[in-house]
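Here is a short briefing on one model. Keep the sequence and the structure open while reading.

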Amino acid sequence: MIQVNNVNKSFGDLHVLHDFTAAFEAGKVNLIIGQSGQGKSVLAKCIVGLLEVDSGNILYDKRDFSKMNRRDRKKIRKEIGMLFQGSALFDSMTVEENIMFPLKMFTDMSKKEMLKRADFCLERVNLSGQNHLLPAECSGGMQKRVAIARAISMNPKYLFCDEPNSGLDPSTSILIDNLIKELTYEYDMTTVVITHDMNSVIEIGDHIVFIHTGRNWWQGTKEEIIETDNQEIIDFVYASKFMKNLKGKLS
Amino acid sequence: MNYVVSIGKYFGMLRYVFSRPERLKVYHTRTFTEIQTIGINSLGIVAILSVFMGAVIALQTASNMDSPLLPKYTIGYITRSSTILEFSPTIISLILAGKVGSNIASEVGTMRVTEQIDALEIMGVNSLSYLVLPKVVAAVFIFPFLIIISMGLSIVGGYYAVTSTSLASHEEFIYGIRAFFKVGDVVYALVKTVCFAFIITTVSSYFGYYTKGGALDVGQSSTRAVVWSSICILLANFVLTQLILL
C-alpha cells in the first residue's frame, strides 16, 4: 500500500500540490485522473522520488520514502516498476537487453537465467520471439508492452504507469489496459495509473482519485464516478460527445 | 549569479559521477564501448588534421626563416616543439571538444528528454555514474594515445611538406626533430591531454544531463557543451602552462 499524506509541492510561486492526501491499495488498479495541468504527473514524480516534496510524506507499506536517504531509497526503488508515457526504452539496446538491464544491475543471475526471465516477461506481454528488435523497430504499442515487460522483470511490488494509452489506437489501448489489470491481480501489485482516458477508467479502475487544482478533489470507484454529482468530475467525464450520448442512453 | 550556481551544480554532479558503481562488470563493458565511440572513431579526423597541421607549421616556419644564419634544421626543431607542446594537445583537444563533446551532450540530453534517465533513476541506478563515469574513464585513457598519434603524424606531415618542396633536406629535418629533445615536453603534453579529456567529457555530460525541454533544447545543450568545453580547455591550458613550464 502507498500512502500520500498532506503533500505540498511548489515550483517558485506556482503551488502545484496542496495538502494532497490519498491511499493506493495493494492488489488494485488505482487511477489518478484529472485535466491537464492539475498536477497528476507532478504527484506521480513526487511519489516515485523524481521530485522532492516540500512537505508531507509518502509511505510505501509504512516505510517513509520522503524522509529516506539516497541509499535507503534505492532499496525501495528496486521494488518499483514504471511505465513511462514515451516508454523510455534504452534505444541503444535490443528489446531483450532492455528487459535484462535491471537484472544485470541488481541480481546475481547467470546469463542463461536472465535470458529465461526475459523470454518469460516477453511471453507475458505477448511479444515472444521479438527479443532482438531495437526499440526503433517496434510500433508504439509494442514499445509500451516491452516497457511493461521491463517493469515486471524484477517482480515489483509497486507499478506506476504514466498515461499508458497516450498515442495508441483504441484496440491497443484496451490491450495495454487489460495487461496492466491482469498483472496487478496476478502479482498482487500496488498499481497506480495516471490517465486521461475514460475508457481506462471504465475498464480497469478499481479505485479512482480525481485531482483538481492540485487537491484530492474526489475519490471512489468506477461505478461511483458515473453517478457523482460533483460538477468538476461531470465536466471531465462527460467532456466528449460519446460520453454525453452514453449518459443520455443510460439515463 | 547563474554562473556560480552552474559551477556549484557541476561539482555536485562530479560527486555522484565518482560515487561507487552498482555493478563493475557492466561499467567495464560500457567503458570499452565508449573507448570505441570516443577514441577509435575519432582516429580518422585526428589523423587528417594532424598531417595537415604539421605540414602547415613546417611550411610557415620555413617561409619565415629569412636569415641565412639560421640553420635549416630549425624547421624540424620548431615543427616538433610546436606540435608536441601546443598544437597536438590543445588544437586536437579543441577539435575533439567539438566532435566528442557534442556527441556526449546530445546523447545524454536525448536520454533526458525521452525520460530514459528517469527510468534509470526509478530502477535505482545512479544515472550520473552509469552514464558519465565510463565516458570519463574512456576519454582519460584513450585521448593520450590519440595525441601521441597526432604528434607523430604532424611531424610526418611537416617532413613531407618540407622535403617535397626542397625547403630542407631529409637529414636537416631529421636532425631538427631530434635536436634538444626533452622527454618532459611530452609528459607536459600528456598531462594537459588528460585534463582536457576530463573537461570535455564532464562539461559536455553536465550540459546534456541537465537539459530541459525537447529536441530544440538538446541542440542548444550540445552547442553550449562545445562552447564551454572549449573555453575551459583554453583556461586550463593557460593554468597548466604556468604551473608546469614556468
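Helix 6 of chain B bends by about 30° at I142(B). A proline, P144(B), follows within four residues. The model is predicted.

**Helix 6 of chain B**
- This helix covers residues 127-164, 38 residues in total.
- At 1.5 Å a residue, helix 6 of chain B should span 56 Å.
- Its end C-alpha atoms lie 53 Å apart, which agrees with that expectation.
- After helix 6 of chain B comes S166(B), with a positive phi near 60°.

**Nonpolar core**
- The largest nonpolar core holds 130 residues.
- I32(A), L43(A), M82(A), A149(A), F160(A) and I200(B) touch the most other members.
- Helix 6 of chain B is the top contributor to this core, giving 17 residues.
- Domain 1 (1-79 + 157-221) and domain 2 (89-155) of chain A both supply residues, so the core lies between them.
- Leaving out residues up to four places away in sequence, I32(A) touches K40(A), L43(A), A44(A), V192(A), I194(A), V209(A) and I211(A).

**Domains of chain A**
- The domain assignment splits chain A into domain 1 (1-79 + 157-221) and domain 2 (89-155).
- Taken over C-alpha atoms, the centres of domain 1 and domain 2 of chain A are 24 Å apart.
- Their contact takes 11 residues from domain 1 of chain A and 10 residues from domain 2 of chain A.
- On the domain 1 side, helix 6 (residues 170-187) of chain A gives the most, with six residues.
- The residues on that side of domain 1 of chain A are eight nonpolar, two polar and one charged.

Key:
Residues numbered from 1 in each chain as written. Chains lettered and ligands numbered in written order. Predicted model: local features only at pLDDT ≥ 70, side-chain atom pairs only at ≥ 80, totals over all residues. Helix = DSSP H or I, 4+ residues; strand = E, 2+ residues; numbered from the N terminus. Expected span 1.5 Å × (residues − 1). Bend = angle between axes of the 7 residues up to and from the residue. Core = buried A, V, L, I, M, F, W, Y, C linked by C-beta atoms within 7 Å. Buried ≥ 20, exposed ≤ 12 C-beta atoms within 10 Å, placed from the backbone. Domains from an automatic or database assignment. Contact = placed C-beta atoms within 7 Å. Nonpolar A, V, L, I, M, F, W, Y, C, P; charged D, E, K, R; others polar.
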